[in-house]
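Reader: I should like to see how the terms applied to this model follow from their definitions. Please set each value against its cut-off.

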Amino acid sequence: MKWSQALIPTLKESPAEAEIASHKLLLRAGLIRKLAGGLYTFMPLGLRVLRKVERIIREEMDRAGALEVLMPALQPPEIWQQSGRYETAQDVFYKVRDRAKKEWILGPTHEEVITTLVAGELSSYRQLPKSFYQVQTKFRDEIRPRFGLMRAKEFIMKDAYSFDSSDEASQVSYQKMYDAYTRIFQRCGLQAFPVEADTGVMGGKFSHEFMVPAETGENEVVYCEACNYAANIEKATSRHMMHSDLGETEQAIEKFATPGAGKIEALAKEPFNVPAHRQIKTLVYMVEDKPVLILMRGDHKLNESKLTGTLGTATFRAATGEEIVESLKTRPGSLGAVGVKDIPIYADETLRETKQMTTGANEDGFHIRNVSVSRDIEVKQWADLRLAQVGEECSKCGQPLKIRRAIEVGHVFKLGTKYSIAMNALFLDEAGNRQPAVMGCYGIGVTRTMQAIIEQLNDKDGIIWPLSVAPYQVCITPLNVASGAPTLSVAEKFYSELNAAGVESILDDRDERPGVKFKDSELVGFPIRINVGEKSLANGEVEIKVRGGEMILVKVEEAVEKVREIVREKLANLAG
């Protein structure tokens, strides 16, 4: 491709809408253009990058034994009702109606579609295992689209699904996909690492997210440098750290007046002096319009993802003030669980052995001290309900935990039989009995991965594309493009020879100042640039500049082979 024939609308300044580096560079390098909030057109160079990411994904999915399909984006709501997700996924649906006023859903994901397909096509254990994948546009009604392709209303995803005859076989399929993801992100030049993750609305037994470290990431990852433990903040655990002053002996409970001390912080101050870690925080939630109490230590925060697993449902919400008064006969600020008999109580594990604790008395302006949780409160279920915090001990090795921000680029789930039972994806086993297929599902945000590469690989001058996904691997830059100029003739020779050798090259044949050409090349992020200038050419040399690296001088007759050598080396490093 010659630059003069391409459309590469670079910008000197970042548009006001762009908040993070990768979003700014996507726009400045002319890779995408905004149509509306959360909707973007891929420009020619951006589309080239996107297709290369897709190609890597397809190659690794094929290598893992998955079969490519293409499923409808338009889905009937009946299959979502059958799976039980029609209500729980309402917030992300785009719904449309046809001329007959029938409702349809623009697919945010395809578990229901693929399971319906398998239910009609696979009926025997002899047909298993099977894995399927597609690369397709998804639609999700994001409340606040932001950060360009990171959180968009319309995006491209690779979603894959495995079907096995047993849990053991399903684990093999899961590991194949896990390994494929590791290779995909390595080949894309990303430093991505897997973390334990919450299954969320997807359900299932366990999952891992693949994260790219980035200060602008929307996810928090808890990790331990000593043993390599890593988990999403929603899933992370830590050792239960007990304070030595939480009381060793039981004492009689005592009600005392606490006027104006309706918050944890107020009770910790004079004249009460009850430290937060010696208080019991009582939270009221509504599950199917019925109240439940959640007990946490005063210095801990509730992790609602963990609460989902404990309650066995994601359809819960914090109670309103009116609902709290109706349930406990008091207003927030003096809530407690002592003496409560008719409301289910769930307590965090850190409270299990605590004594001499303080909690609300369910009477405005009063609290109770010397509470022994196991003695004085009827707990229905103990569970890990808290958010892990920096500095707490790793649950595996005991070393201090750290937290960093990251971008999620992929997610693998072991779903079990949740969907296959609901959607009748059954097979006959060797004994002739019907069994539900054991499922896994595996997603990669293709457009998000493209932007994550930019977020991780950039500098003050622009993007630093890995060779595997760069729009063009080499930018050939003659400094004089006048007709008949030796610099243009040599540049065209390089262009012809490199492209013939399979090295994707673009010839910057614009009649622009060298500085403009160099800045555009750095901004767009071409991995290698060949500068053909009159001074160096007079010495029989040209300059080769590796993006982000040093400039080297090589003989004209050696330039093409030198570039090919650099390309081979860099691609080999990406392939591992």
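Author: The discussion below covers cysteines, one helix and one sheet. This is a predicted model, in which local features need pLDDT of at least 70, side-chain atom pairs count only at pLDDT 80 or more, and totals for chains, interfaces and linings use all residues. Residues are numbered from 1 along each chain as its sequence is written, and side-chain values use heavy atoms, with hydrogens and water left out.

Reader: How do you know that C227 is in no disulfide?

Author: A disulfide is a pair of cysteine sulfur atoms within 2.5 Å. The nearest cysteine sulfur to that of C227 belongs to C394 and is 3.6 Å away, so the pair does not meet the cut-off of 2.5 Å. Searching the whole structure yields zero disulfides.

Reader: What makes C227 and C394 count as buried, partly exposed or exposed?

Author: Buried means under 20% relative accessible area, exposed over 50%, and partly exposed in between, with a 1.4 Å probe and protein chains only. C227 has 29% relative accessibility and therefore counts as partly exposed. C394, at 0%, counts as buried.

Reader: How does the span of helix 12 compare with the one expected?

Author: Helices are DSSP runs of H or I with at least four residues, strands are runs of E with at least two, and both are numbered from the N terminus. Helix 12, residues 486-500, has 15 residues. The expected span is 1.5 Å times one less than the number of residues, which gives 21 Å here; the helix reaches 21 Å from its first C-alpha to its last, close to that expectation.

Reader: Why are the buried residues of helix 12 said to line one face?

Author: The buried residues are T487, L488, V490, A491, F494, Y495 and L498. They fall within an arc of 165° (taken over the directions from the helix axis to the C-beta atoms), so they line one face of helix 12. The face turned away from the buried side carries the exposed residues P486 and A500.

Reader: What makes strand 16 and strand 20 edge strands?

Author: Two strands pair if DSSP finds at least two bridges between them. Five strands form an open sheet in the order 16-14-15-17-20, with mixed pairing. Strand 16 (316-318) and strand 20 (381-383) each have a single partner strand, so one side of each is left without a neighbour in the sheet.

Reader: Why do strand 15 and strand 17 count as paired?

Author: Strand 15 (residues 290-297) and strand 17 (residues 345-348) share three bridges in the parallel sense, so the requirement of at least two is met. One bridge partner in strand 17 is I345, for L293.
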